[in-house]
Every structure is written in structure tokens, then in C-alpha cells.
Amino acid sequence: MTYEPIWGSIIAWYLFLAGLGGGAFVTSVFIRFRHPECKKLIRVGHIIAPVVVIIGLCLLMADAFAGFMHPLRFALLLTNFGSVMTWGVVFLAVFVVVTLIVLIMDFMHKESPKWLDIVGMVMGICVAVYTGCLLGVCQGFPLWNNALLPVLFLVSAVSTGMAAVLLAGVFVAPDEFNTVVSLKKFHFWLPVVEIALVMALLFITAANPSQAGWDSVMTIICGNWAIAFWVLFIALGLVIPIVLEYWMLWFAGHEMETSRTGQMISGFSDLGVLVGGFVLRLLIVSAALPITIVQPWIF
Amino acid sequence: MMTRYGMLIDTTKCIGCYSCRTACQRQNDLLPDEGFIRYEHKETGTYPTVSVESVPLQCMHCEDAPCASVCPTGAAHMGADGIVEADQGRCIGCLYCMSACPYQVRVRNSKTGAVDKCRFCAVQTENGTTSCTCVEACPTHARIFGDLDDPNSELSKAIVERDAHPIAGDLTRAKIYYVR
């Protein structure tokens with residue numbers, strides 16, 4: 001039997017958007033802590049966080065066709081607390097409510113209480129980690145069934161969240177974009193960590209006792225997904241952003257870094273991070289092969 | 001003692017005719033593209049002395065069912081007498097159970113979007129009612145259905161006599177036993 005992936009690109013979009021939203025809220029809290037004067041960037045984070053998560057959830061509900069036709073069944077999602085998906089629903093619900101309250105307070109020019117920011121940040125992290133655990137508990141897929149995936153998804157989520165806020169900042173708040181140096185320096189390290197995590201994930205998956213682990217990795221690095229992996233994820237999503245940001249933050253002079261050209265270069269690297277973040281989810285969802293199709297008991 | 005239903009499939013008797021699959025489709029009123037029984041074929045030997053083993057796979061009704069532990073709505077759950085059930089009225093179609101099932105034997109109903117799978121409908125024949133189950137349809141009697149907890153059942157005896165085992169060792173605590 002040839003294997004057709006169970007989940008498709010809609011789920012990849014959802015995993016990407018959920019992580020992005022969580023990361024964007026973490027970013028807004030980070031900016032409020034380190035650069036409280038950058039009100040516009042904080043607001044950008046406040047807007048992105050609930051909006052992208054809600055878009056992701058709409059995609060998810062449309063993809064769950066049986067529930068889409070019978071929406072009352074979505075209430076049943078809270079019945080099995082042994083399921084990662086049920087926990088995800090709880091995290092997402094609290095996250096969306098908190099981020100919407102924070103957003104409304106922001107528009108009313110009221111300071112949101114610190115504790116609410118912290119609750120939102122913790123929920124954002126929980127959402128990002130849950131997207132990895134969701135796949136991680138599926139024992140039939142060596143590419144998913146390991147403890148690295150939730151960590152990788154968390155780092156990627158925070159990275160894409162920061163990239164989204166910075167990219168929007170280039171256009172709506174160029175002055176503040178130049179101010180948030182500590183955010184940029186923190187953001188620089190995330191793709192570096194991601195490279196290490198992705199390498200570890202691929203090495204360990206390839207060494208899985210099942211042939212499916214090796215085959216999944218080969219599909220990614222030299223099979224059907226190789227171009228997406230090397231060009232869109234590794235080059236555009238990780239290496240180019242690392243090189244460009246390293247240049248901007250430590251090599252280019254202050255004048256270059258804060259010029260419109262410098263901002264556009266940073267913006268391009270942020271766009272690359274976003275593309276890479278989506279391609280990572282797409283690769284992980286699509287390239288995972290199940291142990292039973294190639295398991296020795298059949299072949 | 002509780003009843004704990006299980007099945008034996010003797011692949012040394014299976015001729016790969018798909019009778020069980022089509023009977024199941026009729027018995028359970030499935031869509032033309034929906035089958036609860038999936039066939040895998042294993043080729044052995046070198047030409048010209050080759051042989052092909054047909055292995056019909058279906059829901060193993062695992063006692064530690066991974067589908068039931070991940071299902072967020074409780075649609076996939078352990079029902080009475082050890083039969084894993086897929087409640088069509090609770091399923092939202094998230095397909096999480098299909099990802100969690102290590103045997104890839106759960107199928108999505110393309111009309112309703114809900115996930116379904118082998119219902120162990122052979123249990124209906126226990127009282128003598130004739131029906132169109134995989135067990136009755138098999139022309140070579142490769143299948144035996146019965147109570148695993150009853151040491152005197154035809155099933156329990158056959159498992160011991162023919163040295164039958166779950167298809168993938170202890171991957172899960174499966175209740176379908178294979179003779180290979």
C-alpha cells in the first residue's frame with residue numbers, strides 16, 4: 001500500500017499560525033519589558049497574536065469536516081483530558097480570550113495588568129509546545145514520536161512571532177524598529193538554536209529502530225521534500241537570516257543598520273524566517289512515514 | 001468472567017480474494033470507497049520459486065487503544081466486551097485517531113467526514129443470527145471469532161494450537177491474532 005499523509009497543508013498552516021500567534025504575544029511582552037516606550041510595536045504584537053490564532057482555528061474547524069457539519073460536537077472537545085488535543089483546546093481558549101482582552105485594553109489606551117500579560121505569555125508558550133506534543137504522541141511516526149519536536153516547535157514559534165512583529169515594524173513603526181536592539185539580538189539566536197535542534201531531530205529519527213524513521217529523513221533531505229527543506233527552510237528560513245542579522249547587528253555601522261536599506265534587509269530576513277517556519281511545519285506533517293507500512297512484519 | 005472478544009486470522013489459509021472486505025462493506029453498509037479491511041501482500045523467495053502471503057488488516061481492538069487515548073471528543077472509546085467503538089455522532093473528523101493508530105486501519109467516511117473502522121459486527125452472530133460478516137464470508141475459513149477469556153472457545157483453542165500472535169508483537173495489546 002502506498003501511504004497518503006493523514007493530515008495535509010491545512011494542518012501545517014494551523015500549526016504555523018498557532019505558534020506564530022503565541023510567539024507574537026511573547027514578543028509583545030518582551031518589548032513591554034525591555035523597551036516600554038515602543039508602544040506601536042507592542043500593539044503590533046497584540047494585534048497579530050489573536051488574529052493569526054483565530055485564522056488558524058477557523059482553518060482547523062473547516063478541516064474537521066464532521067464537526068464543521070455538526071458544530072455542537074465541538075463542545076465534546078473538552079471530554080477527554082487524556083488527549084493532547086483537549087489540552088490544546090484549553091490553552092487556545094485561554095490564550096485567545098486573554099490576548100483579546102489585552103488588545104481591547106490597548107485600543108482603549110489602558111495598561112493591561114502585568115499578571116494578565118504573564119498569563120497570556122505562558123499560554124502562548126503552552127500553545128507552541130502543544131503543537132509539537134500533538135504530533136509527538138503519535139507512536140506510529142518516528143519523525144514525530146520524540147521529545148525534540150515540541151522544543152523545536154517552541155523555538156520556531158517564538159522566532160516566527162518575533163519575525164512577524166519586526167517585519168510589520170519595518171513598515172508601521174520604523175523608528176521603534178531601530179530602538180529594539182535587544183529584541184533583535186535575542187531573535188538572532190533563535191535560528192541558530194533551531195539549526196541544532198533540526199539536526200538532532202533528523203539524526204535521532206534516522207536512527208529509529210523502524211525503517212520508517214530512516215525513510216522519513218531521506219524523504220526530507222534527498223527525496224520529495226529536499227528542495228523545500230534545503231532552499232526554503234535551511235537557506236531562506238535559517239542561514240540567510242542568521243547571516244543578514246549577524247551583518248546588521250555586529251558588522252554594519254549604526255548608520256547602515258538604521259537606514260531604510262538596513263531596515264529592508266532586516267525585513268527580508270524576517271520574511272525568510274516566516275517562510276521557513278511554515279515550511280518546517282509542512283515538512284514535519286507531510287514527510288512523516290508510519291512504522292506499519294514499512295515494518296518488517298509486512299515487508 | 002467478562003467477555004473479551006477477539007479474532008484469529010490464518011494467513012496460511014487466506015487466498016487474498018477480498019471476500020471479507022466486500023462482505024464487510026455490505027454488512028456495514030459502507031461507501032464504495034470505504035473499506036474496514038486493508039490488504040498487505042508479502043512476497044518471499046526468488047523467481048521462479050516465489051510465494052505471496054496476503055495479510056488482511058483491520059482494527060485490532062487494542063486493549064490499550066491509542067485511538068481512544070488521543071480522541072478529544074470520546075468518539076473513539078473502549079466499549080463493552082473489549083470492542084473499540086467509533087461513535088459516529090461524536091466524531092468531529094479531526095483525524096487524530098488515524099494518526100495515532102499504528103496499524104493505519106481507521107478510515108474517514110468521505111460523505112460525513114467522521115472516522116470509522118471495524119466494528120467487530122461478528123458479535124451479532126453469537127446467538128446464531130446469520131449475517132454477512134468477514135468471518136462467515138471467508139471461503140477458506142481463515143477467520144475465527146470468539147471470546148478470548150473463555151479457554152474452551154474455538155478461538156482460544158485455535159490460538160494455542162496454531163501458535164497465533166498479534167501482527168506486530170507488543171506494539172499494542174491487540175486482540176486479533178495471526179497465524180503466519
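Q: Why does Glu111(A) count as exposed?
A: Its relative accessibility is 55%. The cut-offs are under 20% for buried, over 50% for exposed and partly exposed in between (1.4 Å probe, protein chains only), so 55% lands on the exposed side. A word on ground rules: this is a predicted model, where local features need pLDDT of at least 70, side-chain atom pairs need pLDDT 80 or more, and totals for chains, interfaces and linings use all residues. Residues are numbered from 1 along each chain as its sequence is written, chains are lettered from A and ligands numbered from 1 in the order written, and side-chain values use heavy atoms, leaving out hydrogens and water.

Q: What makes Arg32(A) and Glu111(A) a salt bridge?
A: The rule wants a side-chain nitrogen of Lys or Arg within 4 Å of a carboxyl oxygen of Asp or Glu. Here the N to O distance is 3.1 Å, so the pair passes. Arg32(A) sits in helix α1 (residues 9-34) of chain A and Glu111(A) in the loop between α4 and α5, so the bridge ties together parts that are 79 residues apart in sequence. Unlike exposed Glu111(A), Arg32(A) counts as buried, at 14%. Both belong to a salt-bridge network that also includes Lys39(A) and Asp117(A).

Q: How do you know that Arg4(B) forms a salt bridge with Asp149(B)?
A: Their closest N and O atoms are 2.9 Å apart, which meets the rule. This pair links distant parts of the chain, 145 residues apart: Arg4(B) is in the segment before β1 (5-10), and Asp149(B) is in the loop between β8 and α5 (154-161) of chain B. Arg4(B) is partly exposed at 24%, and Asp149(B) is partly exposed at 24% too.

Q: Why is Asp116(B) called buried?
A: Its relative accessible area is 3%, and that is under the buried cut-off. Its salt-bridge partner, at 2.5 Å from N to O, is Arg119(B), which is partly exposed at 35%. Over all chains, the structure holds 11 salt bridges.

Q: What makes chain A a chain of helices and no strands?
A: Helices are DSSP runs of H or I with at least four residues, strands are runs of E with at least two, and both are numbered from the N terminus. By that count chain A has 13 helices and zero strands.

Q: Why does the radius of gyration of chain A agree with a compact globule?
A: The globule rule is 2.2 Å times the number of residues to the power 0.38, and the radius is taken over C-alpha atoms. For 299 residues that puts a compact globule near 19 Å, and chain A has 20 Å, which agrees. Its C-alpha atoms fill a box of roughly 65 × 50 × 25 Å along the principal axes, and 57% of its residues are buried.

Q: How many residues of each chain take part in the contact?
A: There are 37 residues from chain B and 35 from chain A, where contact means heavy atoms within 4.5 Å. The two chains bury about 2,900 Å² between them, 60% of it on carbon and sulfur atoms; this is the accessible area (1.4 Å probe) lost on being put together, summed over both parts.

Q: What makes a pair of residues between chain B and chain A count as a polar contact?
A: A polar contact needs N or O atoms within 3.5 Å; within protein, one must be able to donate a hydrogen and the other to accept it, and residues adjacent in sequence count only if both atoms are side-chain atoms. There are 15 such residue pairs between chain B and chain A (both at pLDDT 80 or more). Salt bridges across this interface number zero.

Q: Why is Val70(B) called buried?
A: At 7% relative accessible area, Val70(B) falls under the cut-off. Val70(B) lies in helix α2 of chain B. Not counting residues up to four places away in sequence, Val70(B) touches Asn80(A), Ser83(A), Val137(A), Tyr96(B), Cys97(B) and Ala100(B).

Q: What makes the phi of His109(A) stand out?
A: Most residues other than glycine have a negative phi, and most peptide bonds are trans. His109(A) has a positive phi of about 60° without being a glycine. His109(A) is in the loop between α4 (84-107) and α5 (114-136) of chain A, and at 67% counts as exposed. Chain B has its own exception: a cis peptide bond with omega about 5° joins Tyr47(B) and Pro48(B).
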